[in-house]
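Subject: Structure handover

Hi,

Here is the structure I promised to pass on to you. Have a look at it first, and then read on for what turned up in it.

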Amino acid sequence: MAKLYINTAIKKGHLNPELQGHFSEHLGRGIYEGIYVGEDSPIENVNGMRKDVVDALKEIHVPALRWPGGCFADEYHWMDGIGPKNTRKKMINTHWGGVVEDNSFGTHEFMELCRQLGCKTYVNGNVGSGTVQEMSEWVEYMTFDGVSPMADLRKANGQAEPWKVDYFGVGNENWGCGGNMLPEQYGMMYRRYQTYVRNYHPDHPIKKVACGSNAGDFEWTRKVLETTFRRTNPKDHGMMDGLSLHYYTVPKGWGEEGKGSALKFDDSDWYTTLGKTWYMEELVSRHSAIMDVFDPEKKIGLIVDEWGDWFDVEPGTNPGFLYQQNTIRDALVAGINLNIFNNHCDRVKMANIAQMVNVLQSVLLTDGARMVKTPTWYAFYLYQKHQDADLCESDLDTEMIGDPSHPVPNMTKSVSITKDGKLLITMTNESLTEDYPVEAVLTGGKAVRVSGSILTGEMHAHNTFENPDAVHCVPFTGASVTDTGIRFTMPHCSVLALEVELA
């Protein structure tokens, strides 16, 4: 029997709600059709936003949304997306499918979406093809409450009050699609550009996010920090509040033979996928160690603002649209990542799954007027009470299983005390065949009642528009209170959330 040790008296850190953040780019059907259909659409909408999609996202309490990219961010010129829609400039989306972008979803529409969701705003600025002036004026347009050319323009476009920008990304993937820069080069540009991301709201300062590493490029992290911290007052923390990290789970790699199918996979593919997901643990640990050298007080957050699995597109769909299905395997990928972020909450302050609707590891899929919740949506549903909770000290007996070249723990976990004083335990079981008995031993509190929900099923199980409820959460009744804590059996191929009332 595996032992799970929990000390409710020792808090390891605070779980920012933003650890369960999302990302939506101008890519394929992610925004257009997926989120935004326009005010004149026959699909029920509120100010152009699909009501069914917004309602489903509110169920999982989306805490923060990153926009407009992604690679799209560094070719996006924000003035093309304001003013009357019939006069907005059209452009070719060169990164994603070569389709026409009509800019009908711009700054005002993004802020309206975030208003409906009740979430924080994370805007990504253009460093790769944009100017300092353009970025500075965008910040002024969105946040300045006074008399200025940009504030006056915002008011003329129908928004009298300024918005709040919670996070601002200074460029995206500038080591690649954002300009193919060297780390020292980007570090110098970051120093310059961030200077003009002005805080016009003294009581609501914008948190500035620098472009961080592509997966295991530890040199990028080190050299960007060396450059931004050079000749800088240590109290400035390198002029940044966050440093990003991007990592995708790609089962078969980035070669020409393909990344692997979202639906057609075998046992070996299952374990390889989860093993590559577990690499996030090493990435977060090693990047955090580099950041500790420059920022031992952990003032700068590690912002994992692109994560998730990346498979081959569904047959018959535009290869530039990155549309893929979503199975129980994806729910395990989500659960493993969310547990990792929770357990590193001393450094990881926000994470954004890629992407929200119809793109890569989506929580929702749409087809015309139809919408379906994916297994990944249900994983977020199970984890949502971790938002704004306090991480508890915990330790779980595990063993490594699966592909020896990409092993994964048989189980992962994270444990917190929620805002209402309950103990929340979230766990994943990566095994396709083995159920694991678990005895949870509590110190610092006594369990008096336990309830739970579970997501489980055959590894290929997924929801379709014809059968939208094939995969969903069900009550878990297999946990019982003991003198020392609780006892339960963790079913194979599952994501579990247990809520424990304490004396």
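A residue is called buried here when its relative accessible area is under 20%. Please keep in mind that this is a predicted model.

With that cut-off, let me begin with helix α5, residues 183–195. Its buried residues are P183, Y186, G187, Y190, R191, Y193 and Q194. An α-helix has 3.6 residues a turn, so residues three or four places apart point the same way. What do the buried residues of α5 pack against? Their partners are α3 (132–143), β9 (167–170), β10 (207–214) and α6 (218–229). The helix has 13 residues and spans 18 Å between its first and last C-alpha, close to the 18 Å expected at 1.5 Å a residue.

Just ahead of this helix, the loop between β9 and α5 holds N180. N180 is not a glycine, yet its phi is positive, at about 50°. N180 counts as exposed because its relative accessibility is 62%. D388 likewise has a positive phi without being a glycine, with a value near 70°. You will find D388 in the loop between α9 and β16 (390–396). D388 has 33% relative accessibility and therefore counts as partly exposed. For context, most residues other than glycine have a negative phi, and most peptide bonds are trans.

That brings me to the cis peptide bonds. One runs from W67 to P68, with omega near 5°, and P68 sits in the loop between β5 (64–67) and β6 (91–92). Another joins A354 and Q355, where omega is about -5°; Q355 belongs to the loop between β13 (348–354) and β14 (364–367).

P68 and Q355 both come up again around E25, as they are among the residues in contact with E25 once its neighbours within four places in sequence are left aside. The other contacts on that list are I31, G69, G70, C71, F72 and W96. E25 itself lies in the loop between β2 (21–23) and β3 (45–46). Which side chain of opposite charge is nearest to E25? That is R66, at 6.5 Å; E25 is buried and has no salt bridge. For a salt bridge, a side-chain nitrogen of Lys or Arg has to be within 4 Å of a carboxyl oxygen of Asp or Glu.

Now for the sheet. It is open and has 10 strands in the order β23-β22-β26-β20-β19-β16-β1-β21-β25-β24, with mixed pairing. At its edges are β23 (474–476) and β24 (480–481), each of which pairs on one side only. Helix α9 (375–383) packs on this sheet, where it touches β19 (411–417), β20, β22 (447–456) and β26. The directions of α9 and β22 make an angle of about 170°.

Within the sheet, β20 (423–429) and β26 (494–502) are antiparallel partners over 7 bridges, and M427 faces L496 of β26. Strands β21 (436–443) and β25 (485–490) also run antiparallel, joined by 6 bridges; here P437 stands opposite T489 in β25. β25 pairs with β24 too, in the antiparallel sense over 2 bridges, and S480 has R487 as its bridge partner in β25. A hairpin of 3 residues connects β24 to β25.

If you want somewhere to start, try the surroundings of E25, where P68 and Q355 are both in contact with that residue.

Best wishes

Methods. Residues numbered from 1 in each chain as written. Predicted model: local features only at pLDDT ≥ 70, side-chain atom pairs only at ≥ 80, totals over all residues. Heavy atoms only, no water. Helix = DSSP H or I, 4+ residues; strand = E, 2+ residues; numbered from the N terminus. Buried < 20%, exposed > 50% of the residue type's maximum accessible area, 1.4 Å probe, protein only. Lys, Arg positive; Asp, Glu negative; His and termini not counted. Contact = heavy atoms within 4.5 Å. Pairing = 2+ DSSP bridges. Axes fitted to C-alpha atoms, helices over the stretch in contact; angles between N-to-C directions. Expected span 1.5 Å × (residues − 1).
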